[in-house]
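Colleague: Could you take me on a close look at one small part of this model? I would love a walk through a single strand and whatever its residues meet.

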Amino acid sequence: QVQIVESGGGLVQPGGSLRLSCATSGFTFSRYIMTWYRQAPGKERELVARISGAGGTTYADSVKDRFTISRDNAKNTMYLQMNSLKPEDTAIYFCYAPITPNWGQGTQVTVSS
């Protein structure tokens, strides 16, 4: 049974940092490209960052140089280190795997003073 569980969200002041985790089970994690998405209120879900099984990465322009995606294939877990957070980073952050059910439940990130 495939499980995808995000954690690490919370309330942080502008300029602060958070580290999100995406813990998975039930599939061969190392074989799959994994992706972080986010969805802000009233907006469409958008890609934040993507990482291949070997560690190759891509980022949305809006988060480049501030966010770092990584993975630990031994722990079946993906991470998103978010630095220099801005109010416009406020959203629910989702982990996506190309295997059903595809999505976790999401974790809320709120950047506000």
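Modeller: Happy to. Let's begin with Thr24, which sits in strand 3, the stretch covering residues 18-25. Please keep in mind that this is a predicted model. Thr24 has a relative accessible area of 9%, and because buried means under 20%, Thr24 counts as buried. Its surroundings come next: leaving aside residues up to four places away in sequence, Thr24 touches Gln3, Phe29, Met34 and Asn76. Asn76 deserves a second glance, as its backbone oxygen lies 2.8 Å from a polar atom of the Thr24 side chain. So for Asn76 we have both a place on the list of residues that Thr24 touches and a polar atom pair at 2.8 Å.

Now to the cysteine in this strand. Cys22 is joined to Cys95 by a disulfide, with the two sulfurs 2.0 Å apart. As a reminder of the chemistry, a disulfide is a covalent bond between the sulfur atoms of two cysteines. Here the bond ties together distant parts of the chain: Cys22 belongs to strand 3 and Cys95 to strand 9 (residues 91-96), and the two are 73 residues apart. The torsion about the S-S bond is about -70°, which means the disulfide is left-handed. Cys22 is buried, at 0% relative accessibility, and Cys95 is likewise buried at 0%. If you are wondering about further bonds of this kind, a search of the whole structure finds one disulfide.

Terms used
Residues are numbered from 1 along each chain as its sequence is written. This is a predicted model: local features need pLDDT of at least 70, side-chain atom pairs count only at pLDDT 80 or more; totals for chains, interfaces and linings use all residues. Side-chain values use heavy atoms; hydrogens and water are left out. Helices (H or I, at least four residues) and strands (E, at least two) are DSSP runs, numbered from the N terminus. Buried means under 20% relative accessible area, exposed over 50%, partly exposed in between (1.4 Å probe, protein chains only). A polar contact is a pair of N or O atoms within 3.5 Å; within protein, one must be able to donate a hydrogen and the other to accept it, and residues adjacent in sequence count only if both atoms are side-chain atoms. Contact means heavy atoms within 4.5 Å. A disulfide is a pair of cysteine sulfur atoms within 2.5 Å.
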